[in-house]
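Please work through the following exercises with the sequence and the model open beside you. Attempt each task before you read its solution.

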Amino acid sequence: MKLLLKIWRQKDGSSKGKLVDYPIDGIEGDMSFLEMLDVLNQELIEKGDEPVVFDHDCREGICGSCSLMINGEPHGPDRLVTTCQLHMRRFNDGDTIVIEPFRATAFPVLKDLMVDRTAFDRIQQAGGYISVNTSGNTVDANAIPIDKHHADESFEAASCIGCGACVAACKNASAMLFTAAKVSQFALLPQGKVEAIDRVQNMVRQMDLEGFGNCTNTGACEVECPKGISLENIARMNREYLMATAKG
Amino acid sequence: MGILDSKVPSGPLADKWTKHKNEIDLVNPANKRNIDIIMVGTGLAGASAAATLAELGYNVKTFCYQDSPRRAHSIAAQGGINAAKNYQGDGDSPYRLFYDTIKGGDYRSREANVYRLAEESVNIIDQCVAQGVPFAREYGGLLDNRSFGGVLVSRTFYAKGQTGQQLLLGAYAAMNRQINRGKITSYTRHEMLDVVVVDGKARGIIARDLISGEIERHSAHAVVIASGGYGNVFYLSTNAMGSNVTAAWRVHKRGAFFANPCFTQIHPTCIPVSGDHQSKLTLMSESLRNDGRIWVPAKAEDAQAIREGKLKPTKIPEADRDYFLERRYPAFGNLVPRDVASRAAKERCDAGFGVNKTGEAVYLDFAAAIQRYGSEKALTSGIKNPDQATITKLGEEVVAAKYGNLFQMYEKIVDENPYKTPMMIYPAVHYTMGGLWVDYNLQTTIPGCFSTGEANFSDHGANRLGASALMQGLADGYFVLPYTIGNYLSDDIRTGPISTESEAFDTAEAQVRANLEKLLNAKGKHPVDYYHKKLGKIMWNKCGMSRNATELKEAIEEISALRADFYQNVRIPGGLDEMNTELEKAGRVADFLELGELFAKDALERNESCGGHFREEYQTPEGEALRDDKNFRYVSAWEYNGAPKDAKLHKEDLVFENVELKTRSYK
């Protein structure tokens, strides 16, 4: 396969960036998208150029490191996969592929396609936990039965990988889906109810402080989420927030 | 050759840990506020320990190369976590878990450590549930269990195929709570490049900020290495791209002994290699062996026709299939331990029965499970006389609920529907049992330098059982290290802050800088990956699933030559004082090039077969591993002495007071 890549290059956070053309040949359908970029980078290094920098680690769709806007879509054209799980068989010989970083005020570019997503960590630090000590002196795990339906829903919410595709997909760069997933995980479990009021208020406050935009219910986040996190979580967080505000 | 003291407490096995906890020194809460601890790595073992230590009152600094602690590779663990809860009432107990782990490790692990692990396993589940980890549950609301390889009970707790993710996010949440309180300072996109030893004690690290390129000094009263395993020495493995041995190796070069480097786990069920461009291998969880049956064609001509694309596996009648694990190991069947399953698959493929283009794949087939579950589901749904299509549909739904994400992952990579066509799998490097030598307190041979999780060697002997890595990471982090480190730190309550302005820090920083400059100055012609791939090929071909003395000697020579070539001819664009991902990789590969040679040397020295270490010269007539307890019942702990070839061997004799050493049999 022969392709034309148009890749965002930016030296660092304070420099201006631009799209640069890279023709590439010999790409096979069995390669993952990131392996295709590996091929490009090996060629660049051999020519004495600097490789394209992008975040990646597990390459099996679970660590949430990889990102990339591929032809305008976070994680590319396939649904329910991360960029590292996207394979080149999805593209055709002669295609032009535009590759950009996730764009959001709260995700500043560090270099090329790599962005800073530590805003997500700070939202979690504001309340994404249950305040129990980890010394092990707690009740038996089966002391509190939990309805399977709720446990499964809690798991679905907890399967968020924190990649930021929801933010990149949103025209307002809102982090509602990300924040709502964590709020929901705990809201659905009896263990999480104790601190529910503080949790939702603190996490939402931090989310706003980080400069993420507002949610206008377009649903783009749900469509692009590689883990299929549902919009229901946002509705649940809104309810939790409303109740928290009412209870003061 | 020295003899190592494991500091295992005296007394009966079941009382050792409680007795030890009662006897060790404590640090009072006011003094803990004056003590700093550095944690390198934020996977299960690092994040859990960081959280607990901070809760206790210590000041913790965590370091990880990822952009967030949540991305450490524990996140990718799929199948589950063992605990001797005996919720299923199938006769489980801490002793049975201990026994299974010792036997599974082929009698090359330390009894007291393994018993402690089994004892603490029950706490982990209670703890995680209290933290809101959403484990799988039954309709009655209680926790569900499944089975893993090498055991005859159901003791594995899980969250679909994402157990590691859920446990790590739990530990990350506990860390976040302490970051919010100011008790943990988290340094992300930082890489530890050296440990600083002041007056014989680990007192800090040199780290590089991976964004700015700046080299930094950080001091503490103790340093904990929780940086995971070294499977990427093989280039292709199920590890993350960034997983590396650097932190552990640099500590080794400052005096910490490195134990059993040749004990590596090759996991039987991974997606086979598809081509030279391949950057990593993907695991298909061992939990799949609960329901999947492993087979190859019984006739060589069928295998050949499949390889040539002329025959579909679904067309091969039952009678012409060889379910080789069920045939060879009737008692455990498809659930034999990983080392046994991997070697059996290799044996069939080497004999010409492999089923993909390269001849290096076997089938993992769910057809029988789909029919079985479908029939049961039809019955419980009240469907009378269901037709075949209905049964299949219902069965596929049950299988999807259990393993959906794994099937989806497989389909994305291989472009085949595993509900309709059997999966193709082949063994791949997955976990390393070897690592930094630690005593019972998890302390390395450098005082004040500790190691937890996969980075240490302690609990899995020569082969790790499934769902035991998560157990060890969390037991070490939540329940063991926070106690044992206090015993060491109780001497430090009057020390006060450790200055970074000392000769030891100056020297360490200068050496780190010089090493990085040396790499940048090579200005050769090959990218770092060129060397990493070459190293991986040597390791896989000569130090992989089976080894022999001739090839191990060749490997030692080849790796040594490759290392010399690397320093001459590697090309790293960019500079030191900026983000430089190639420079990061180069530092890691440089360490792999040393470790790889020690690995081969260790495998050559161990003239026996045990667990994942299979020496062709030492096998039974049936091709099973032949241990030599008389001569090799010890831990090999290597002392750094310049070049890997000059490493000095120390031994820790393994004493078995509670378990009788037997030939491991799963027949």
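Five exercises on this predicted model follow, each with a worked solution.

**Exercise 1. The two chains**

Task: Describe chain A and chain B by their secondary structure, their extent and their share of buried residues.

Solution. Step 1: Count the elements. Chain A contains nine helices and seven strands, while chain B contains 18 helices and 19 strands.

Step 2: Judge the overall form of chain B. Its radius of gyration is 25 Å, and the globule rule gives 26 Å for 667 residues; these values are close, so chain B is as compact as a globular protein of that length.

Step 3: Give the extent along the principal axes. The C-alpha atoms of chain A fill a box of roughly 60 × 35 × 35 Å, and those of chain B fill one of roughly 80 × 60 × 50 Å.

Step 4: State the burial. In chain A, 53% of the 248 residues count as buried; in chain B, buried residues make up 60% of the 667 residues.

Step 5: Examine the contacts between residues at least 6 apart in sequence. Of these, 70% in chain A join residues at least 24 apart, and in chain B the share is 74%.

**Exercise 2. The domains of chain A**

Task: Locate the domains of chain A and describe how they meet.

Solution. Step 1: Find the bounds. Domain 1 of chain A covers residues 3-111, and domain 2 covers 117-247.

Step 2: Find the separation. The centres of the two domains, taken over C-alpha atoms, are 29 Å apart.

Step 3: Describe the contact. Domain 1 of chain A gives 18 residues and domain 2 of chain A gives 17. On the side of domain 1 that touches domain 2, there are 10 nonpolar, six polar and two charged residues.

**Exercise 3. The interface between the chains**

Task: Determine which elements of chain A give two or more residues to the side that touches chain B.

Solution. Step 1: Count the residues. In this interface, 66 residues of chain A are in contact with 65 residues of chain B.

Step 2: List the elements of chain A. They are α1 (33-46), β6 (109-111), α2, α3 (148-158), α5 and α6 (190-193). The largest share, six residues, comes from α1(A).

Step 3: Sort the residues by class. The side of chain A that touches chain B has 23 nonpolar, 25 polar and 18 charged residues.

**Exercise 4. A mostly covered helix**

Task: Identify the buried residues of helix α2 of chain A and the elements against which they pack.

Solution. Step 1: Assess the burial. Helix α2(A) spans residues 118-125, and six of its eight residues are buried.

Step 2: Name the buried residues. They are Ala119(A), Phe120(A), Asp121(A), Ile123(A), Gln124(A) and Gln125(A).

Step 3: Find the partners. These buried residues pack against α5 (176-187) and α7 (196-209) of chain A, together with α6 (163-180) of chain B.

**Exercise 5. Two helices that cross**

Task: Describe the arrangement of helices α5 and α13 of chain B.

Solution. Step 1: Recall the description required. Two packed helices are described by the angle and the distance between their axes.

Step 2: Read the values. The axes of α5(B) (residues 111-130) and α13(B) (residues 469-489) come within 9 Å and cross at roughly 85°.

Step 3: Classify the angle. Angles of 65 to 115 degrees count as roughly perpendicular, and α5(B) and α13(B) are therefore roughly perpendicular to each other.

Step 4: Examine the contact. The residues of α5(B) include Leu117(B) and Ile124(B), and those of α13(B) include Leu474(B) and Tyr478(B). By class, the contact has eight nonpolar, four polar and two charged residues.

Terms used: Residues numbered from 1 in each chain as written. Chains lettered and ligands numbered in written order. Predicted model: local features only at pLDDT ≥ 70, side-chain atom pairs only at ≥ 80, totals over all residues. Buried ≥ 20, exposed ≤ 12 C-beta atoms within 10 Å, placed from the backbone. Helix = DSSP H or I, 4+ residues; strand = E, 2+ residues; numbered from the N terminus. Contact = placed C-beta atoms within 7 Å. Rg over C-alpha atoms; globule rule 2.2 N^0.38 Å. Nonpolar A, V, L, I, M, F, W, Y, C, P; charged D, E, K, R; others polar. Domains from an automatic or database assignment. Axes fitted to C-alpha atoms, helices over the stretch in contact; angles between N-to-C directions. Parallel < 35°, antiparallel > 145°, perpendicular 65-115°, else oblique.
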